[in-house]
Amino acid sequence: MRQRAEDQAQQGLARAERQLQEAEQRLALAEERLRLAYASANDAERGGTDVVHLTWHRNWIVVKTRDVEASRLDVRDRLETRDLRVQQAQEARKQRRVLERFKDRAQLLFDTGQAQREMQAIDELATMKAARRAGDFQ
């Protein structure tokens, strides 16, 4: 059960990592689009474009800036989610390892007790055999 919980936590972490990478890629793409919007607006200004076209470029830059900010917020949210998943995965691993240690200790106690009982049985048999031999010699 703990192994399954740890596996699920690891899968959640992997999913969060993948989503973070995708969000970072979207951010890079949004930043590139914003850079291109600025470059296009600069070219339009240099080219002597009319005011309507320049206003369109400014509005386009505003939209692209909002896209970048939204992508940054998404990346931040994905980072927080990933950090939470890391903590959950670490806790699940810790819980599994604690139970494994308890299991190992219980197995060691059982094996030690079993070995003691076997040695006691061997000792009893050896004592009875020695007693019979002693009886045979008398």
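These legends accompany several views of a predicted model.

**View 1. The whole protein, with 2 helices and 0 strands.** Start here to get your bearings. Along its principal axes, the C-alpha trace spans about 130 × 15 × 15 Å. The radius of gyration tells a matching story: the protein has 36 Å, whereas a compact globule of 138 residues would have a value near 14 Å.

**View 2. The surface of the protein, about 10,900 Å² of it exposed.** Carbon and sulfur atoms supply 53% of this exposed area. As you look over the residues, keep in mind that 18% of the 138 count as buried.

**View 3. The charges of the protein, 27 positive and 24 negative.** Take the mean position of each set, and the two points are 3 Å apart.

**View 4. Contacts between residues separated in sequence.** Here we consider contacts between residues at least 6 apart in sequence. Of these, 79% join residues at least 24 apart.

**View 5. A close-up of Asp74 in helix H2.** Helix H2 covers residues 51-137, and Asp74 is one of them. Which residues does Asp74 contact, leaving aside its neighbours within four places in sequence? They are Ala23 and Arg26.

**View 6. The side chains of Asp74 and Arg26, joined by a polar contact.** Zoom in on this pair to find the contact at 2.7 Å. Ala23 also belongs in this picture, as another residue in contact with Asp74.

Terms used: Residues are numbered from 1 along each chain as its sequence is written. This is a predicted model: local features need pLDDT of at least 70, side-chain atom pairs count only at pLDDT 80 or more; totals for chains, interfaces and linings use all residues. Side-chain values use heavy atoms; hydrogens and water are left out. Helices (H or I, at least four residues) and strands (E, at least two) are DSSP runs, numbered from the N terminus. The radius of gyration is taken over C-alpha atoms; the globule rule is 2.2 Å times the number of residues to the power 0.38. Buried means under 20% relative accessible area, exposed over 50%, partly exposed in between (1.4 Å probe, protein chains only). Contact means heavy atoms within 4.5 Å. Accessible areas come from the Shrake-Rupley method with a 1.4 Å probe; for residues, only the protein chains shown count as cover. Lys and Arg count as positive and Asp and Glu as negative; His and the chain ends are not counted. The place of a charge is taken as NZ of Lys, CZ of Arg, CG of Asp or CD of Glu. A polar contact is a pair of N or O atoms within 3.5 Å; within protein, one must be able to donate a hydrogen and the other to accept it, and residues adjacent in sequence count only if both atoms are side-chain atoms.
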